[in-house]
Amino acid sequence: MLLELQNVVAGYLKGVDVLQGVTLNVDEGEIVCLIGPNGAGKSTVLRTISGLLHPTQGKILFDGKNIGGLRPDLVLHEGIAHVPQGHSSFPEMSIHENLLMGAFSLKSRVERNRRLEAIYDMFSLLKERRQSKAGNLSGGQQKLLEIGRALMMSPRMMILDEPSLGLDPKTSRIVFDTIQTLRSETGITILMVEQNARSGLAISDRGYVLELGRERLEGPANKLLDDPKVAQLYLGGSTMEETSADPDLIGTTP
Ligand SMILES: Nc1ncnc2c1ncn2[C@@H]1O[C@H](COP(=O)(O)OP(=O)(O)OP(=O)(O)O)[C@@H](O)[C@H]1O
Ligand SMILES: [Mg+2]
């Protein structure tokens with residue numbers, strides 16, 4: 001396993017645990033999708049991984065090393081890049097400057113330029129518009145820029161919070177396709193949170209359902225997509241009859 005969360009408890013306010021013992025794992029090269037209702041703690045899981053929040057209990061292992069409680073810059077240094085929910089590019093700066101910001105801690109100018117060119121090769125649109133202000137890009141283009149910026153640190157793993165939020169279906173498709181291509185071309189490991197559960201699971205190997213700060217269900221993404229309960233709650237309803245539990249899905253409700 002590349003990333004392992006073991007019984008992670010974390011929250012924002014003293015004595016108020018948002019994550020109530022989350023256990024999940026992501027294998028090297030996997031795409032794993034985390035779904036669940038608003039307020040379930042999905043973003044909190046990602047923030048705890050990236051060091052913005054510190055677990056009060058449990059462990060976060062990355063490649064066997066406990067990274068729980070490390071500062072965000074050190075987590076990034078370990079190889080995990082976080083693309084947060086909403087927009088995080090600098091609107092007044094050009095695409096080029098935004099990408100360079102992604103590697104501000106990199107000393108070697110040669111290496112920085114090498115990575116920049118690799119990203120431009122992958123995202124031709126960013127290259128064409130390299131001098132445009134990020135604020136003038138469409139929502140989908142900004143998301144691609146944020147993914148590109150995260151890649152500037154050559155992370156082993158990327159954690160993406162609702163990459164399709166606010167995008168129309170066609171643009172969402174482009175973002176999901178980009179994530180899938182990124183994984184197949186670079187082998188990067190991805191943990192993604194998605195409100196758009198159907199599309200998120202469709203490009204994922206496995207999924208987790210998070211409810212009230214705990215993982216409730218885990219399984220192969222296609223099994224989750226076929227699960228009547230998941231369909232009813234997260235996939236916009238289902239006409240399927242209630243069926244017996246699928247043995248490939250591991251229910252985690254006590
Ligand atoms: N900065 C904060 N300070 C205090 N409480 C917070 C903060 N951010 C989130 N919370 C609380 O933590 C809980 C989980 O929030 P979180 O943002 O992780 O949910 P989510 O599953 O990502 O929801 P959404 O689908 O709306 O993005 C919620 O009850 C929320 O009110
Ligand atoms: Mg969220």
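A residue is called buried here when its relative accessible area is under 20%, exposed when it is over 50%, and partly exposed in between, as found with a 1.4 Å probe on protein chains only. By this scale Ser 154, at 43% relative accessibility, counts as partly exposed. The structure is a predicted model, in which local features need pLDDT of at least 70 and side-chain atom pairs count only at pLDDT 80 or more, while totals for chains, interfaces and linings use all residues. Residues are numbered from 1 along each chain as its sequence is written, chains are lettered from A and ligands numbered from 1 in the order in which they are written, and side-chain values use heavy atoms, with hydrogens and water left out.

Ser 154 is found in the loop between α6 and β7, where helices (H or I, at least four residues) and strands (E, at least two) are DSSP runs numbered from the N terminus. Although Ser 154 is not a glycine, it has a positive phi of about 45°. Leu 212, in the loop between β9 (206-211) and β10 (214-220), is another non-glycine residue with a positive phi, near 45°, and at 69% relative accessibility Leu 212 counts as exposed.

The helix α6, which precedes the loop of Ser 154, has 13 residues and reaches 19 Å from its first C-alpha to its last, close to the 18 Å expected at 1.5 Å a residue; the expected span is 1.5 Å times one less than the number of residues. Of these 13 residues 12 are buried, which leaves α6 mostly covered, and among the buried ones are Gly 140, Leu 144, Ile 147 and Leu 151. The buried residues of α6 pack against β6, α3, α4, α5, β7 (157-161) and α7 (169-186), contact being taken as heavy atoms within 4.5 Å.

One of these partners, α4, spans residues 109-122 and reaches 20 Å between its end C-alpha atoms, close to the 20 Å expected for its 14 residues. Its buried residues are Arg 115, Leu 116, Ile 119 and Tyr 120. Seen down the axis of α4, these fall within an arc of 140°, so they line one face of the helix; the arc is that of the directions from the helix axis to the C-beta atoms. What covers them includes α3 (95-101), α5 (124-128) and α6 (139-151), whereas the face turned away from the buried side carries the exposed residues Val 110, Arg 114 and Asp 121.

The ligands bring in other parts of the chain. The magnesium ion (ligand 2) is coordinated by Ser 43 (OG) and Gln 85 (OE1), at 2.0 to 2.3 Å. Ser 43 lies in helix α1 (residues 42-49) and Gln 85 in the loop between β6 (80-83) and α3, so the pair ties together parts that are 42 residues apart in sequence. At 12% relative accessibility Ser 43 counts as buried, while Gln 85, at 37%, counts as partly exposed. Donors are N, O and S atoms within 2.8 Å of the metal (3.2 Å for Na, K and Ca), and since water is not among the atoms, sites may look incomplete.

Around ligand 1 there are 14 residues, of which the closest are Gly 39, Gly 41, Lys 42, Ser 43 and Thr 44. An oxygen atom of ligand 1 is 2.4 Å from an N or O atom in the side chain of Thr 44, and an oxygen atom of ligand 1 is 3.3 Å from an N or O atom in the side chain of Gln 85.

Note on methods. Near = heavy atom within 4 Å. Polar contact = N/O pair within 3.5 Å; in protein donor to acceptor, adjacent residues only side chain to side chain.
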